[in-house]
Number of protein chains: 2
Amino acid sequence: MFTESAMSRQTRVVADFAPPCHQPSTIEELFSKQMAERFEAGSAVFWEGDTASHVFAVTEGVLRIFKIMSDGRRVITGFVYPGDLLGVSLRDSYLYTAEAVTTARVRRFGRTRFQDEINHSPDLRPQLFAQLCDEMAAAQDQMVLLARKSAEERVSSFLLVIMRRLRREQQEQPVIELPMTRQDMADYLGLTIETVSRTMTKLTTCGVIAPTGRHAVVIKRLAKLLVLAGEGDVGYASDETNSIRRAVWPEYYTAQ
Amino acid sequence: MFTESAMSRQTRVVADFAPPCHQPSTIEELFSKQMAERFEAGSAVFWEGDTASHVFAVTEGVLRIFKIMSDGRRVITGFVYPGDLLGVSLRDSYLYTAEAVTTARVRRFGRTRFQDEINHSPDLRPQLFAQLCDEMAAAQDQMVLLARKSAEERVSSFLLVIMRRLRREQQEQPVIELPMTRQDMADYLGLTIETVSRTMTKLTTCGVIAPTGRHAVVIKRLAKLLVLAGEGDVGYASDETNSIRRAVWPEYYTAQ
DNA sequence: CGACACGTTGAGGGCACTCAATAGTGGTGG
DNA sequence: CCACCACTATTGAGTGCCCTCAACGTGTCG
């Protein structure tokens, strides 16, 4: 895979009946021509161990990817949002099960076809590589969370991660949507449903967050949440670090 | 990055004074021409947050890669063995610190140069991709371990992972070398040094392992270790599953 | 309104952590 | 050769955080 030549590119374009002058320059664009499929909440896109025949791009909704131990213990290794790819990191079979949390829309490519596309496009390769790097960075952060953070730190970190994700995708959002159940959060954070619930209550009582219905919260005190998440290096932070943080969250970052 | 043209390849080859007829066909071969550098136990190859200027290949020794929280909590996200790459998953700066556990030898490429090489070689790209997939699969397994496994399961799983790794690299090895300290193991498994020590003692008492000095053990009962690791789906296993397992560890797998 | 799923709250227990003391291990020098 | 030290590992006692088990709210559907 990843081979490239003027010859093979020509071949591909002809096979697709696409105008040779209009190559997709982003992965999003590449998938946009594929048929959109709809998955209802709770339905699976693929299962761990299935032969990995397709690569998916999420255009709408949220999915969970998870592994299950032989005795039923479940670990959610990530939540997948619009713009994310699904099923890329694989050998011959999928590493995890992917299931819709909300009604979701995805587009798919045959694995071989996707690899050809990536191979032939010098524009797409770095995008795919960047996606994989982001995925790896997220996995590393998750390992830190699971290995060493307290329940309070885990829940706080989770809220921050979701916040940043929504910010990237959508507009300014003081309200954070949490479409997943408490059980999903627990299986993602390595906690029980009861501990997640208790911790959310505690954060509410402290005035850090304010619930808006069951599946959304408003962050009232971001600075405090950062500290609780274990990202608050306030005691050690240089002026430079703090100025960077202010640049990242200008409207939120106020000492409280 | 990953951009490609006949022109740039020409430039590269001339700059290296390498024979155009002898392209490296494996990543190992690619690195073999680079100077080997020696790192003493405890010394760092690079630090988390450093500008990611190089990609490394380990040829000898073992390294640990870790992240540290602002208050000093350390999480080892992986151990790196000969044949592994180091510093590939990155954006602009390294995701983690890499430190030699034992005296280690590594070879390096400038990041840009490495990307060029990968870009220009249809042989190397799938190898790199496969490496990244393995890394991702390992990260997922680690998340399962950290999120849901007991101390006993964690230590047992760790021993199995190391065993498989040594088996891949070296010859048949009943003795498993554990060059890292108990603190390293603890920071990898999300436990304390005391819990690791107690669990190792317990496994020894049970007759599952037998210590050979401080930094090596012999696995006496693999079947039991598999069960303790949470990989023992014995109660559920189909004949097919078991036959697969026997094929993987033919000389070890005996019901005990 | 009842059934059901999901979420919250409470009481008690256990696994792993903390703190502390002891025992190996390896290196150095008298 | 052995005393001495620094470092690492083991073992023990007690605590605490989170889990387990259980009951009670809450929201949604028929």
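This section describes the protein surface around DNA strand C and the state of the cysteines in a predicted model.

In the predicted model, DNA strand C is surrounded by 17 residues. The closest of these are Ser197(A), Arg198(A) and Thr201(A), together with Ala151(B) and Thr195(B). Of the atoms of DNA strand C that come within 4 Å of the protein, 70% belong to sugar and phosphate. By residue class, the surface near the strand comprises 8 polar, 7 charged and 2 nonpolar residues.

Polar side-chain atoms of both chains approach the strand. In chain A, Arg182(A) places a polar side-chain atom 2.8 Å from a phosphate oxygen of DNA strand C. In chain B, a polar side-chain atom of Thr195(B) lies 2.4 Å from a phosphate oxygen of the strand, whereas Glu194(B) has a polar side-chain atom 2.9 Å from a base nitrogen. Two or more residues of the surface near DNA strand C are given by each of two elements, α7 (193-205) of chain A and α7 (193-205) of chain B. The largest share comes from α7(A), with 4 residues.

With respect to the cysteines, the structure holds 0 disulfides over all chains. Cys206(A) has a relative accessible area of 32% and is therefore classed as partly exposed, since this value falls between the limits of 20% and 50%. Cys206(B) is likewise partly exposed, at 32% relative accessibility.

Methods
Residues numbered from 1 in each chain as written. Chains lettered and ligands numbered in written order. Predicted model: local features only at pLDDT ≥ 70, side-chain atom pairs only at ≥ 80, totals over all residues. Heavy atoms only, no water. Near = heavy atom within 4 Å. Polar contact = N/O pair within 3.5 Å; in protein donor to acceptor, adjacent residues only side chain to side chain. Nonpolar A, V, L, I, M, F, W, Y, C, P; charged D, E, K, R; others polar. Disulfide = S-S within 2.5 Å. Buried < 20%, exposed > 50% of the residue type's maximum accessible area, 1.4 Å probe, protein only.
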